[in-house]
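Open the structure in your viewer and keep the sequence beside it, since this tour moves from one selection to the next and says at each stop what is there.

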Amino acid sequence: MERIERHASYGGFQEVWKHTSCTVGCEMRFGIYLPSATIRGQKCPVLYWLSGLTCSEQNFITKAGAQRYADAHSIIVVTPDTSPRGPDVADDKAYDLGQGAGFYLNATRQPWEKHYRMYDYIVDELPELIETYFPASGARSMSGHSMGGHGALTIALRNPGRYRCVSAFAPIVAPSQVPWGEKAFSMYLGDDREVWKQYDAVELVKSRPQELPLLVDQGEADEFLESQLKPHLLREACQAAGYSLQLNFRPGFDHSYYFIASFIGEHFRFHADHLG
């Protein structure tokens with residue numbers, strides 16, 4: 001690994017690293033915030049943040065204002081890129097497919113399957129790197145925004161023993177039922193909708209008996225609310241399964257990082273409560 005950025009921030013350091021990933025077969029980057037507690041020799045829990053369509057590791061670390069809360073709660077924050085990248089990595093001209101739009105799954109169709117294995121990268125390879133080379137305690141949680149909210153929910157629901165809790169801002173909760181997900185899943189996974197269910201939070205809630213603390217915030221002025229996000233479907237699935245969900249609708253807020261920055265402190269308190 002090679003560190004390519006380091007900035008002092010709220011008593012700790014915001015860093016960016018790059019490394020060659022065996023899982024996705026290309027160079028990957030991730031941001032990591034190391035709170036002041038790690039400088040004092042303490043091992044800290046890790047919050048993995050997954051960003052949305054068109055984003056990289058940079059969006060959250062520069063726009064969310066998360067470092068002050070991460071330092072206050074002594075939480076390491078890891079922010080991976082949203083997809084594999086490079087001249088040899090399959091891509092598409094559309095913003096919602098290809099590089100910048102990995103959807104945190106393992107693709108099974110050509111030309112995507114060689115590199116688009118973001119599920120395995122997030123679940124296995126990245127935590128192994130973090131817990132080997134950084135002062136991480138082994139306690140983990142997940143959060144994310146939009147496509148990243150979809151990734152955080154599905155990964156945490158599929159691996160409840162691995163993560164203490166999960167939260168999301170404006171997540172795509174039912175990708176099998178909305179245009180963004182239908183397009184990406186058909187290209188990455190094929191036309192078998194039964195296969196899609198393993199990457200659909202609404203479907204996973206129906207079949208996962210082990211409950212995981214779940215927090216979702218949604219802006220009521222979000223332009224994608226009715227067409228792509230549909231949080232009511234997650235609420236209905238949780239109610240039917242007897243699964244606890246804290247779903248907050250925020251009047252006047254849209255899909256932007258202004259929304260995330262306004263409530264990121266509350267999400268850190270939620271994660272701190274469950275990470276100990």
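## A tour from helix α5 outwards

Begin by selecting A152, which counts as buried because its relative accessibility is 0%. Keep in mind throughout that the model is a predicted one. A152 belongs to helix α5, and if you display its surroundings, leaving aside residues up to four places away in sequence, you will find that A152 touches L50, M142, S143, G144, V166 and S167. Now add I122 to the selection: 30 residues separate I122 from A152 in sequence, while their C-alpha atoms are 9.7 Å apart in space.

I122 leads to the next stop, helix α4, where I122 is one of the buried residues, together with M118, Y119, Y121, V123, E125, L126, P127, L129 and I130. To see what covers these buried residues, show the elements around them, which include the strands β2 (12-21), β3 (26-34), β4 (44-50), β5 (76-80) and β6 (136-144), as well as the helix α5 (147-158). Where along α4 should you look for a kink? Follow the helix, which spans residues 118-133, to L126, where a kink of about 30 degrees lies shortly before the proline P127.

From β5, which helps to cover α4, move on to the largest cavity, whose volume is about 50 Å³. Select Q14, Y33, F60, I61, A66, Q67, A70, V77 and T79 to display the lining of this cavity. At least two lining residues come from each of α2 (58-63), α3 (67-72) and β5, and by class the lining of the largest cavity has six nonpolar residues, three polar ones and no charged ones.

The largest pocket is a separate stop, with a volume of about 200 Å³. Its lining comprises 14 residues, of which L53, T54, C55, H145 and H255 are the closest to the centre of the pocket. Colouring the lining of the largest pocket by class should give six nonpolar residues, seven polar residues and one charged residue.

Finally, select the cysteines: how many disulfides does the count come to? The count is zero. C26 is buried, because its relative accessibility is 11%, and its sulfur lies 11 Å from the closest cysteine sulfur, that of C22, which is too far for a bond. C165 is likewise buried, at 0% relative accessibility, and the closest cysteine sulfur to its own, in C238, is 15 Å away, so this pair too is too far apart for a bond.

Key
Residues are numbered from 1 along each chain as its sequence is written. This is a predicted model: local features need pLDDT of at least 70, side-chain atom pairs count only at pLDDT 80 or more; totals for chains, interfaces and linings use all residues. Side-chain values use heavy atoms; hydrogens and water are left out. A disulfide is a pair of cysteine sulfur atoms within 2.5 Å. Buried means under 20% relative accessible area, exposed over 50%, partly exposed in between (1.4 Å probe, protein chains only). The bend at a residue is the angle between axes fitted to the seven residues ending there and the seven starting there. Helices (H or I, at least four residues) and strands (E, at least two) are DSSP runs, numbered from the N terminus. Contact means heavy atoms within 4.5 Å. On a 1 Å grid over the protein atoms alone, a cavity is a set of points where a 1.4 Å probe fits but cannot get out, and a pocket is an open set with protein on both sides within 12 Å along at least five of seven lines; lining residues have an atom within 4 Å of a point. Grid points are joined across faces, edges and corners, and a volume is the space filled by probe spheres set on the points. Ala, Val, Leu, Ile, Met, Phe, Trp, Tyr, Cys and Pro count as nonpolar, Asp, Glu, Lys and Arg as charged, and the others, Gly among them, as polar.
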